[in-house]
Amino acid sequence: MSFYQIWIRSFADGNGDGIGDLYGVYDRLDYIKSLGVDAIWFSPVYPSPNADYGYDISDYRNIHPDYGTLDQFRKVLDRAHELGLIVLMDLVINHTSDEHPWFKESCKGKDNPYSDYYIWRDPRFKGEQMLPPNNWYSQFEGLAWEYCETRGQYYLHVFAKKQPDLNMDNPKVREEVKGIMRFWLDMGVDGFREDVITYISKNPALPDGNPLLPMINGLPHYKDGPRLMEYLQEFREVAREYNAIQIGEAPFTPVKTAATYISGPDRVLDMMIQFDHMTADCIMTEYVWHRFMLTKLKKAFTKWQNAMNGRAWNCLYLENHDHPRVISRYGSEKFWRESGTCLAASYIFQQGCPFIYQGQEIGMTNIRLRSIDQYNDVSTINAYHTFRRHRSPESRMRWIHVSSRDSARTPVQWTDGKYAGFSTAKPWFRVNPNYKRINAAAQEKDPDSILNFYRRCLALRKETETLIWGSYKEYYPRSRKHYVYERSYLGDRYLIVCSFAAKETKERLPADWAKAEKDLVIGNYPFSTSDILHPYETRVYHMR
Ligand code: NOJ
């Protein structure tokens, strides 16, 4: 099974106001189906003040007016189902918006029905000086605590100030979550992608974190917390009633821990979105950038492939709305088509479910805006200011160009026409100026395009048991140029060769593959039997 992710604001505008919406999605469902995927994951489409573009929800049971109505959503859902596509919603329950009615009530005082819905604590005092309850930083904005005058207490926000963390230890909050799940499942939705789900149980003592670490110093006290399993089991029961899929987002979760959530018949989640392979050009987060290292990427791939083999199912992805575009990171804008296709083969044939993020299938690349004021994303702006003491504005802008989440959030480039065919009105965010060259319409016509390569890979994967069920084996893990892996199943074997070199290199094949009769079933250059690989060449061999 494979997924297509929609970040709706930038997907396609159907009503001509410059903002992507459900009308635009409806019109593109056939396109999504034509890719060969089986499912759609919608990043949040709910009402939201957009402090974090939908990940700050102010009403869990409605659609943001910018995107349409519940009726329009039902139409999209029904049509998707007719096309054989299942639909997953984003379940964001670690936090709400501060404009959610629960929070507004909770702020009012300590004795209303919502007063215990969030994580409130009294201030600490150092002499006269009032301090927050602990020293945690928020991942998005300054400290993780904000003072509320009316209540005389601080509330916790692991992300932006406008994203107060829910108190999942309160059984009423968990009942609300189950109610929200039922609301969408009753409508016919097929499951959820669950946002930072491994953060929902905090260490109740809320101890100080390491004062030297920026942004994530509280992490050990709110990730994989003491009651997480218990809560996930509760939510799993609801999902079971509906046979719904649950995919949990789990930043910084090690493989061993991940396996405890996603393996076996009593698993509490079906799959996990892990982050290991997204740090092949950075340290922990894209904002601390270094040169891309293929060996780091391969190590992460292989670690998860081996650990999950026979136990659980991997989420395979290279892009989503939280990461800059992968060609600009792990590939090469110069060898744009070649590296875009090579990257596709590097992950689609691994064991697990491939995810494709809107625009990835046409090889969209990073945008480079001149000044930080032109960026929208709260975490991009925070990173720019966090490093102000260490780096000049120019050098910080260079980092933003390689790291910003906004690069994944520019309007999808459908045509080479005005506003890239995304809208008839001026789009809410800048279109990448390369849309005349990089757009879906041009690639539809070109059999060798990145778009058609994705289609070929997904089709091959779907019809090939070995590429679905087969075991995984990596060759030459120390090579800094090539990524070579094999899938095999009941004697049937495929070898995927990916060159990450920007020049010609000699192909190295395992001895039995070199000798064997084999077919080249997919490649991104004209088929040849030469043992010279072109820049970013990929070849998928099948042993006869
Ligand atoms: C993970 C989401 O993918 C990201 O976009 C969001 O900013 C944070 N969680 C907070 O909800």
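## Pockets and ligand

Me: What volume does the largest pocket have?
Reply: This is a predicted model, where local features need pLDDT of at least 70 and side-chain atom pairs count only at pLDDT 80 or more, while totals for chains, interfaces and linings use all residues. Residues are numbered from 1 along each chain as its sequence is written, and side-chain values use heavy atoms, without hydrogens or water. A pocket is an open set of points on a 1 Å grid over the protein atoms alone, reachable by a 1.4 Å probe, with protein on both sides within 12 Å along at least five of seven lines. Counting the space filled by probe spheres set on the joined points, the largest pocket comes to about 930 Å³.

Me: Which residues lining the largest pocket are closest to its centre?
Reply: The lining (residues with an atom within 4 Å of a point) is made up of 44 residues. Closest to the centre of the largest pocket are Gln 139, Phe 252, Phe 275, Met 284 and Thr 285.

Me: Which element supplies the largest share of that lining?
Reply: Strand 12 (282-283), strand 13 (285-289), helix 9 (294-308) and helix 12 (378-386) each supply at least two residues of the lining of the largest pocket. The largest share, 4 residues, comes from strand 13.

Me: How many residues of the lining of the largest pocket are charged?
Reply: Happily, the classes are easy to list. The lining of the largest pocket holds 24 nonpolar and 11 polar residues. The charged ones number 9.

Me: Where does the ligand sit, and which residues come nearest to it?
Reply: The ligand sits in the largest pocket. There are 13 residues around the ligand, and they divide into 4 nonpolar, 2 polar and 7 charged. Those that come nearest are Asp 52, His 95, Asp 195, His 321 and Asp 322.

Me: What is the distance from an oxygen atom of the ligand to an N or O atom in the side chain of Asp 52?
Reply: Ligand oxygen atoms also pair with other side chains: one is 2.8 Å from an N or O atom of His 321, and one is 3.0 Å from an N or O atom of Arg 405. For the side chain of Asp 52, the distance is 2.5 Å.

Me: Which residues lie nearest the centre of the second largest pocket?
Reply: The second largest pocket has a volume of about 370 Å³. Its lining has 7 nonpolar, 6 polar and 3 charged residues. Of the 16 residues lining the second largest pocket, the ones nearest its centre are Tyr 137, Pro 214, Thr 386, Arg 388 and Arg 389.

Technical notes:
Near = heavy atom within 4 Å. Polar contact = N/O pair within 3.5 Å; in protein donor to acceptor, adjacent residues only side chain to side chain. Sits in = over half its atoms within 2 Å of the grid points. Nonpolar A, V, L, I, M, F, W, Y, C, P; charged D, E, K, R; others polar.
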